[in-house]
Amino acid sequence: WFKSDDGMEIHLISTKEKLKSIPKGVHMAFSVKNFDLFISNLKGNNITYGNWRGDKNQIQLRNDGYKQIFFQDPQGYWIEVNNVK
């Protein structure tokens, strides 16, 4: 379970049930204070991420200058992490 500063929670519960392919447009987004530290943590845990096109371990630079990456949880749900303030 993860809880945000404003009290919102997300519960990640693993099951053995296989899910159908989930499109990247269906995702949950999070903003982090230290994007580079987050990327280092992903790398340190051998978690593959990518940009919107799916280029492995590539950071997306948005038109507004913010960075974002996408990765999948163990069941295939897409997660976006960005540095939007």
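Where along the chain is Arg 62 found? Keep that in mind as you open this predicted model; the tour gets to Arg 62 shortly, after a look at the whole chain.

**Stop 1: the whole chain**

Show the protein chain as a cartoon and you will find one helix and six strands. Trace the chain from the N terminus, and the elements come in the order β-β-β-α-β-β-β. With C-alpha atoms alone on display, the chain fills a box of roughly 40 × 35 × 25 Å along its principal axes.

Now switch on a surface. The accessible surface comes to about 6,700 Å², and carbon and sulfur atoms account for 53% of it. Of the 85 residues in the chain, 25% are buried. If you colour by charge, look for 12 positive and 9 negative side chains, with the centres of the two sets 6 Å apart. For a contact map, take the pairs at least 6 apart in sequence: 44% of those contacts join residues at least 24 apart.

**Stop 2: Arg 62**

Back to the opening question: select Arg 62, and you are in the loop between E4 and E5. Arg 62 counts as partly exposed because its relative accessibility is 25%, which falls between the 20% and 50% cut-offs. Draw a line from its side chain to that of Asp 64 and you have a polar contact of 2.5 Å. Beyond its neighbours within four places in sequence, Arg 62 is in contact with Gln 68, Glu 80 and Val 84. Add Asn 82 to the selection as well: it is 20 residues away along the chain, with 9.8 Å between the two C-alpha atoms.

**Stop 3: the nonpolar core**

Next, select Phe 35, Ile 39, Leu 42, Tyr 49, Ile 69, Phe 71, Ile 79 and Val 81 as sticks; these eight residues form the largest nonpolar core. Helix H1 (35-44), strand E5 (67-72) and strand E6 (78-82) are the elements that give two or more residues to this core. H1 supplies the largest share, with three residues.

Stay on Phe 35 and expand the selection to its contacts. Leaving out residues up to four places away in sequence, Phe 35 touches Ile 59, Lys 67, Gln 68, Ile 69, Val 81, Asn 82 and Asn 83.

**Stop 4: Asn 83**

The last name in that list is worth a click. Is Asn 83 buried or exposed? Asn 83 is buried, because its relative accessible area of 17% is under the 20% cut-off. You will find Asn 83 in the segment after E6. Its side chain reaches the backbone nitrogen of Lys 67 at 2.7 Å. Other residues touching Asn 83 include Ser 31, Val 32 and Tyr 66.

**Stop 5: two asparagines with positive phi**

Finish with backbone torsions. Most residues other than glycine have a negative phi. Select Asn 46, where phi is near 55 degrees, a positive value. Asn 46 is found in the loop between H1 and strand E4 (60-61). With a relative accessible area of 70%, Asn 46 is exposed.

Then move to Asn 57, in the loop between H1 and E4. Asn 57 is not a glycine, yet it has a positive phi of about 55 degrees. On accessibility, Asn 57 is partly exposed, with a relative accessible area of 33%.

Key. Residues are numbered from 1 along each chain as its sequence is written. This is a predicted model: local features need pLDDT of at least 70, side-chain atom pairs count only at pLDDT 80 or more; totals for chains, interfaces and linings use all residues. Side-chain values use heavy atoms; hydrogens and water are left out. A nonpolar core is a set of buried Ala, Val, Leu, Ile, Met, Phe, Trp, Tyr and Cys residues joined through side-chain atoms within 4.5 Å. Buried means under 20% relative accessible area, exposed over 50%, partly exposed in between (1.4 Å probe, protein chains only). Helices (H or I, at least four residues) and strands (E, at least two) are DSSP runs, numbered from the N terminus. Contact means heavy atoms within 4.5 Å. A polar contact is a pair of N or O atoms within 3.5 Å; within protein, one must be able to donate a hydrogen and the other to accept it, and residues adjacent in sequence count only if both atoms are side-chain atoms. Accessible areas come from the Shrake-Rupley method with a 1.4 Å probe; for residues, only the protein chains shown count as cover. Lys and Arg count as positive and Asp and Glu as negative; His and the chain ends are not counted. The place of a charge is taken as NZ of Lys, CZ of Arg, CG of Asp or CD of Glu.
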